[in-house]
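Biologist: I would like a close look at a single part of this model, together with whatever surrounds it. Please explain each term with its cut-offs as you go, since I am new to this.

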Amino acid sequence: MGAQEYGELFGVTQIAVGQAALRHNGMLPAPDYVLSGSKWWLLDTVLDAAETTMQKSRKGTWQLRDEVVEALREGQYEGPGSFIARRGSAAQRAV
């Protein structure tokens, strides 16, 4: 999962995930992969670190959302980050 799914999993924004990843304070686990500069985690990696993530969140704002966990496990997740938008003809001309 990327930052969008990570944020959805804990009820925070993608920006909050990025900021937490930059702090290197142990709130987030090390990413399993880094592709083109983007951090990616396996679901099990995130869930194994979930308790630490919630404990280290300011004011307890990061809370694990069970419905998102289940959707990800079942391959039924349709939230942010679940699809890649196709580029339109205007984007093709700009290249």
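Modeller: What follows is a close look at helix H1 and the residues around it.

This is a predicted model, in which local features need pLDDT of at least 70 and side-chain atom pairs count only at pLDDT 80 or more, while totals for chains, interfaces and linings use all residues. Residues are numbered from 1 along each chain as its sequence is written, and side-chain values use heavy atoms, with hydrogens and water left out.

Helix H1 covers residues 3-10; helices (H or I, at least four residues) and strands (E, at least two) are DSSP runs, numbered from the N terminus. Its buried residues are Glu5, Tyr6, Gly7, Leu9 and Phe10, where buried means under 20% relative accessible area, exposed means over 50% and partly exposed lies in between, found with a 1.4 Å probe and protein chains only. Among the elements that cover these buried residues are H2, H3, H4 and H5. Just after H1 comes Gly11, whose phi is positive, near 70°.

Tyr6, Leu9 and Phe10 also belong to the largest nonpolar core, which has 22 residues, and they are among those with the most contacts inside this core, together with Leu28 and Trp62. A nonpolar core is a set of buried Ala, Val, Leu, Ile, Met, Phe, Trp, Tyr and Cys residues joined through side-chain atoms within 4.5 Å. H1 is one of the elements that give two or more residues to this core, although H2 gives the most, with four residues. If its neighbours within four places in sequence are left aside, Leu28 is in contact (heavy atoms within 4.5 Å) with residues including Tyr6, Trp41 and Trp62.

The aromatic rings come next. Rings of Phe, Tyr and Trp (its six-membered ring) pair if their centres lie within 6.5 Å; planes under 30 degrees apart count as stacked, over 60 as edge-to-face and the rest as tilted. The structure holds four such aromatic pairs. For Tyr6 and Trp41 the ring centres are 4.7 Å apart and the planes stand at 75°, so this pair is edge-to-face. It links distant parts of the chain, since Tyr6 is in helix H1 and Trp41 in the loop between S2 and H3, 35 residues apart. Tyr6 is buried, with a relative accessible area of 0%, and Trp41 also counts as buried, at 4%. The rings of Phe10 and Trp62 have centres 5.7 Å apart and planes at 45°, so that pair is tilted; because Phe10 lies in helix H1 and Trp62 in the loop between H4 and H5, the pair ties together parts that are 52 residues apart in sequence. Both Phe10 and Trp62 are buried, and ring pairs link Tyr6, Phe10, Trp41 and Trp62 into a cluster.

Finally, H1 takes part in a salt bridge, meaning a side-chain nitrogen of Lys or Arg within 4 Å of a carboxyl oxygen of Asp or Glu. Arg65 forms one with Glu8, the closest N and O atoms being 3.0 Å apart, and because Arg65 lies in the loop between H4 and H5 while Glu8 is in helix H1, the pair ties together parts that are 57 residues apart in sequence. Arg65 counts as partly exposed at 27% relative accessibility, as does Glu8 at 24%. The side chain of Arg65 also meets that of Glu67 in a salt bridge (3.2 Å, N to O), and in this way Glu8, Arg65 and Glu67 are linked in a network.
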